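Colleague: Got a minute to go through this one with me? I'd like to start with the ligand.

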Amino acid sequence: MPEYWDPEIETMPIDDLKKLQEEKLKQLVHYVYERSPFYRKRFDEHGVKPEDIQTLDDIRKLPFTVKQDLRDTYPTGMFCVPNTELVRFHASSGTTGKPTVVGYTQHDIEEWAESLARGFTSVGLGENDILQVSYGYGLFTGGLGAHYGSEKLGATVLPTSSGNTERQLELMRDLDVTAIACTPSYFLYMIETAKKLNIDLRSDTKLRMGFFGAEPWSEELKRRIESESGIKAYDIYGTSEMSGPLFTECSEQCGVHIWADKFLIEILDPETGQPVPDGETGELVITTLTKEAMPLIRYRVRDLTRKFSEPCPCGRTHPRIARISGRSDDMIIVRGINVFPGQVESVLMKIPEVGNHFMIIVDRIGPLDSMKVQIEMHESAFSDKMSDMMELKGKISSALKNVLNLAVEVELVEHGSLPRSEGKSKKVIDKRKI
Ligand code: DLL
C-alpha cells in the first residue's frame, strides 16, 4: 500500500512549496483580473493591480471576499469561465438568504478528487477498500466529493447517500464495507440503529475507519465514536465554496493537511484582520491556487482554527490546521458571555452518564437571556431514584459552569427523545431570533 498519493508534491521542501505558491498566486491574480468583472472591480476599488503581487506576503494587499459576495453576484457573477467550460454546479441550501452556487470545470473536479485521494491514501485507504458514502448526494458537495475522491483512489464506492439507515447497515455488513464517510451526527445515529438491529459493528462488519466532517465535532465525540464502534475516526474538512470536502487528517492525526500546492491559507485575527502566530486560534482565510471556474481570493471562511506550519511526522510538509473549534458567526452570546456549541459538546462528552445527543436552547425571559441544555442520558445511566438524577444534574451544571463561566439550566431527557440527524445536525435553538 503506497504511503503517499504524490510523494514528490506531498513531501516537497517547504521553501520549494512556497516558491510554487508564489508562482501560482501571481498567475491567479492576473487570471481573475482578466476574467472576472467582480474581481477586477474589487481590485480597482482597493487600488491594487495584479503586478503589485510579487511575493506571498503581498497577498495582504488583496481585498477579502466573503459569502455575501457570492450572494450579491448570484448565481454565477464570480465565475471566470463561460458556461461551455463548466461541467458541474453545486449549491448551498441557503438557509439565510439566497443560495450560493459554485461551478466546476473538468480540471476543478479532477483537482478536487486528487486532494481527497491524497488524504484517503494518508490514512491507508486503498484499492482493496470499500467506502460507503453516506453524505447526501446532489447539490450538497459531501456525497459527490467523497465519491469522486474515492474513485480516483481506486477504492470501491457504495453510494448510499444519507437516509434509509437500516438498509445502509445491512449493505455495510453484506458488502464488507471497510470505510464510511458521513457526518459525525449521522454516524451516531447509525451506531444506535445498529444496536437495535443487533448488528455488532465490531464483529458483524468489516468497518475499520470513518471520515467525519461537514459539521463541528469535538475530540471527545471522536473518542466516543471510536469506543462505541471500534473504528478509527478521521476528520475531513472543506466547504462548498472551496469545492467541497477536500482535506483530511493523516494517520498521525495531528491536524488536517491543507494541500499547499492548491490552496493558500491564512489564519487571521477576526477583529483586526492581522495574521496570528502559528498555533494560535484565528479565522481561516483561503485562496484557491488552481481553481478555474470560481477561484477565491482571500475568502473569509469564518471557521476558527489554528495553523501548524512545521512538517508533520508523516513526512508531509504541507501546513496543517487543528480541528475547527467553531465558526466566528456560530458564537452565541448569552448575558454577554461568548459560548460556542463545541465547548458544550466537549464538556458533555466527558461525562459518562451523558448520552450522545444534546440541544442548546437560548431564550430571553424579560430582560435576561437564559440558556438551557437538554441532555439525553446514556441508556445505562437512567435511575428511578430522584436523588441520583438530581446529583447528575448538579454534576453537569457545574462542569458546564466551570468551562463557560455561565449558569446553565440542565434538563435531562429520555434516551431517544431528541431529534436525530442524517446530515448536518442542529445543536442550537435560539428563540431570541425567532
Ligand atoms: O460541509 C463540505 C464537506 C462535506 C466537508 C463533507 C466535509 C465533509 P458546506 O456545506 O459549505 O460544505 O459547509 C462548510 O461546514 O465552513 C464548517 O463550518 C463546517 N465544516 C465542514 N467540515 C467540518 C469539519 C461542507 N471537519 C462548513 N469540522 C464549514 C468542523 C466543519 N466543521
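Modeller: One term before that: a polar contact here is a pair of N or O atoms within 3.5 Å. Also, this is a predicted model.

Colleague: Fine. Which polar backbone atom is 2.7 Å from a nitrogen atom of the ligand?

Modeller: That one belongs to I236. P216 also has a backbone N or O atom 3.5 Å from a ligand nitrogen. On the side-chain side, a polar atom of R327 sits 3.0 Å from a ligand oxygen.

Colleague: How much of the ligand does the protein bury?

Modeller: 92% of the 610 Å² that the ligand exposes when taken alone.

Colleague: How many residues surround the ligand, and which are the closest?

Modeller: There are 20, and the closest are D235, I236, S240, D303 and K424. By class, the shell has nine nonpolar, six polar and five charged residues.

Colleague: Which element gives the largest share of the shell?

Modeller: β7, with five residues. The elements that each supply at least two are α6 (141–153), β7 (232–239) and β12 (299–305).

Colleague: Switching topic. How many disulfides does the structure hold?

Modeller: Zero. C312 is in none, and the nearest cysteine sulfur, in C314, is 3.5 Å away.

Colleague: Why is there no bond between C314 and C312?

Modeller: Because the two sulfurs are 3.5 Å apart, which is too far for a bond; the cut-off for a disulfide is 2.5 Å.

Colleague: And are those two cysteines buried or exposed?

Modeller: C312 counts as buried because its relative accessibility is 5%. C314 is buried as well, at 10% relative accessible area.

Technical notes:
Residues are numbered from 1 along each chain as its sequence is written. This is a predicted model: local features need pLDDT of at least 70, side-chain atom pairs count only at pLDDT 80 or more; totals for chains, interfaces and linings use all residues. Side-chain values use heavy atoms; hydrogens and water are left out. Buried means under 20% relative accessible area, exposed over 50%, partly exposed in between (1.4 Å probe, protein chains only). A residue is near a molecule or strand if one of its heavy atoms lies within 4 Å of it. A polar contact is a pair of N or O atoms within 3.5 Å; within protein, one must be able to donate a hydrogen and the other to accept it, and residues adjacent in sequence count only if both atoms are side-chain atoms. Accessible areas come from the Shrake-Rupley method with a 1.4 Å probe; for residues, only the protein chains shown count as cover. Helices (H or I, at least four residues) and strands (E, at least two) are DSSP runs, numbered from the N terminus. Ala, Val, Leu, Ile, Met, Phe, Trp, Tyr, Cys and Pro count as nonpolar, Asp, Glu, Lys and Arg as charged, and the others, Gly among them, as polar.
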